[in-house]
Amino acid sequence: MPTENLTFIEPHLLYAVAAVLSFSTASFFYRHFTAQVGALWTNAFKASVAWAIFLGISIAGLVDGDRTQLAGLEFKTVSILLASGLLGLNISDWLMLRAYHAIGPARTIIVYRFQPLLLAAASYFFWNRALTTPQWLAIGLLLACVLVLARERRAHAGRWDLTGIFLALGAMALDGTGILLSREAFERLPDLSPNMANLVRATGALLGFFFISRFLIPIRLLEGFRGLRPRARGYAVFSAILGAWLGLTFWLTALKHAEHPAMVSAVGGLSPLFAIFI
């Protein structure tokens, strides 16, 4: 029997699961720092650490003579990735952390479960890529599983917090937009590496944080870091490396190679669920 017939899961889904595990483990620390320092600081710090690592890897590749990461990278693709980072890594993550703090991960799950369906509709509209019947069935079963488990976890809770729900809705919509923009960049430039894409996206997120800190709400990144205890500083750096750098590396690798972004989003929806049990 050919060995390819024994493959039960596609590689890009393995990358998506690895990304989910990274995000979920790091979210335990993110919730702690959100309560202690604030969602804005937490999001800005993890984006800064990830940006530094993405930049270091890119510079190391250039020093080693690898110019392929810059091949074909033109203004429109860069603009798409900058917008993806601003929406998906800046505003969306900030709203999600606030939703976690306001209504908890279990309720946030329910809102996020609509994202694969929205991405499926958008993908059909933009790229004429319809889901097959087995793919629709897989998404439906996954959504049902997550909803049942989330309902069980929230059985002891009181009424819905509408503010938190709207925060989760905004996070879901902007995150989905970031996913679509990232996929569009890969469609335009198939040889684009996940690391370079993440570097540009993280740059877009940091530009947004600079604007917020300069004109709206001072973030005081270094002051907040110095105010942490030495052990907490280590946890902050560790969670940023795990959830932002490693998680995003796995995530964009999965998104680049997936046949349909809705499938990756469906797997990614397990992130808040795993976070409940970690």
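**Exercise 1.** In this predicted model, classify Glu 74 as buried, partly exposed or exposed, then describe its salt bridge with Arg 188.

*Solution.* Start with the accessibility of Glu 74, which is 33% in relative terms. Buried requires under 20% and exposed requires over 50%, so Glu 74 counts as partly exposed. Next, take the partner: Arg 188 has a relative accessible area of 34% and is also partly exposed. The two side chains meet in a salt bridge, at 3.2 Å from N to O. This pair links distant parts of the chain, 114 residues apart: Glu 74 lies in the loop between helix 2 (39-63) and helix 3 (75-112), and Arg 188 in helix 6 (residues 162-188).

**Exercise 2.** Find how Arg 183 and Glu 187 are placed in helix 6, and which side chain is buried.

*Solution.* The side chains form a salt bridge with an N to O distance of 3.1 Å. Because the residues are four apart in helix 6, about one helical turn separates them. Arg 183, at 4% relative accessibility, is buried, whereas Glu 187, at 28%, is partly exposed.

**Exercise 3.** Determine how helix 1 and helix 9 are oriented to each other.

*Solution.* The axes of helix 1 (residues 11-36) and helix 9 (residues 230-257) come within 8 Å and cross at roughly 155 degrees. Angles over 145 degrees count as roughly antiparallel, and the two helices are therefore roughly antiparallel. Their crossing is left-handed.

**Exercise 4.** Which residues form a nonpolar surface patch with Trp 136?

*Solution.* Trp 136 sits in helix 5 (residues 133-153) and is partly exposed, at 40% relative accessible area. Its patch partners are Phe 114, Leu 117 and Leu 118; together the four residues have about 400 Å² of accessible area.

Definitions and conventions:
Residues are numbered from 1 along each chain as its sequence is written. This is a predicted model: local features need pLDDT of at least 70, side-chain atom pairs count only at pLDDT 80 or more; totals for chains, interfaces and linings use all residues. Side-chain values use heavy atoms; hydrogens and water are left out. Patches are made of residues with over 30% relative accessible area and no salt bridge: like charges are joined within 9 Å, nonpolar side chains (Val, Leu, Ile, Met, Phe, Trp, Tyr) within 5 Å. Accessible areas come from the Shrake-Rupley method with a 1.4 Å probe; for residues, only the protein chains shown count as cover. Buried means under 20% relative accessible area, exposed over 50%, partly exposed in between (1.4 Å probe, protein chains only). Axes are lines fitted to C-alpha atoms, for helices over the stretch in contact, and angles run from 0 to 180 degrees between N-to-C directions. Angles under 35 degrees count as roughly parallel, over 145 as roughly antiparallel, 65 to 115 as roughly perpendicular and the rest as oblique. A crossing is left-handed if the near helix is turned anticlockwise from the far one by less than a right angle, and right-handed if clockwise.
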